[in-house]
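Have a look at the model below and turn it around a few times. We'll start at one small spot and work outwards from there.

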Amino acid sequence: MAIRITLDAQLERTGMTGKDLAEAIGLSQTQMSLFRSNKVKGIRFSTLAAMCEVLGCKPGDLIDYDAEREALD
């Protein structure tokens with residue numbers, strides 16, 4: 001898939017762990033892990049907004065698009 005999850009870079013920037021973020025936004029650690037590993041098919045805007053608020057970033061800082069990868073799929 002051409003969409004890549006870049007959440008780990010934001011977690012590193014803030015010094016948070018996936019567990020910390022999951023607890024802060026009320027998400028299970030399992031769901032956070034699935035999101036970080038790009039194994040989800042979608043995300044609620046409310047969840048994305050909560051991640052951005054806690055991490056002090058924008059949605060584009062958490063999700064990226066790779067056009068070259070799209071051509072391979």
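Right after helix H2 comes Gly-26, and its phi is positive, near 75 degrees. Keep in mind that this is a predicted model, so that angle is a computed value like everything else here.

Now step back into the helix that Gly-26 follows. H2 covers residues 18-25, and its buried members are Gly-18, Leu-21, Ala-22 and Ile-25. Look at them down the helix axis and they fall within an arc of 100 degrees, so they line one face of H2. The spacing makes sense if you recall the geometry: an α-helix has 3.6 residues a turn, so residues three or four places apart point the same way. And what do the buried residues of H2 pack against? Three other helices: H1 (7-14), H3 (29-36) and H4 (45-55).

Follow that packing into H4, where you'll find Leu-48. This leucine has a relative accessible area of 8%; since buried means under 20%, Leu-48 counts as buried. Which residues does Leu-48 touch, if you skip those up to four places away in sequence? They are Ile-43, Pro-59, Leu-62 and Ile-63. For another handle on the local geometry, take Leu-48 and Lys-58: 10 residues separate them in sequence, and their C-alpha atoms are 9.0 Å apart in space.

Time to zoom out. The protein has five helices and two strands, and reading along the sequence you get the pattern β-α-α-α-α-β-α. Its radius of gyration is 12 Å, close to the 11 Å from the globule rule for 73 residues, so the protein is as compact as a globular protein of that length. If you'd rather think in box dimensions, the C-alpha trace spans about 35 × 20 × 20 Å along its principal axes.

How do the contacts spread over the sequence? Take the ones between residues at least 6 apart: 66% of them join residues at least 24 apart.

As for inside versus outside, buried residues make up 27% of the 73. The protein exposes about 4900 Å², and carbon and sulfur atoms supply 50% of that area. On the charge side, there are 9 positive and 11 negative side chains, with the centres of the two sets lying 5 Å apart.

Terms used. Residues are numbered from 1 along each chain as its sequence is written. This is a predicted model: local features need pLDDT of at least 70, side-chain atom pairs count only at pLDDT 80 or more; totals for chains, interfaces and linings use all residues. Side-chain values use heavy atoms; hydrogens and water are left out. Helices (H or I, at least four residues) and strands (E, at least two) are DSSP runs, numbered from the N terminus. The radius of gyration is taken over C-alpha atoms; the globule rule is 2.2 Å times the number of residues to the power 0.38. Buried means under 20% relative accessible area, exposed over 50%, partly exposed in between (1.4 Å probe, protein chains only). Contact means heavy atoms within 4.5 Å. Accessible areas come from the Shrake-Rupley method with a 1.4 Å probe; for residues, only the protein chains shown count as cover. Lys and Arg count as positive and Asp and Glu as negative; His and the chain ends are not counted. The place of a charge is taken as NZ of Lys, CZ of Arg, CG of Asp or CD of Glu. The arc is that of the directions from the helix axis to the C-beta atoms.
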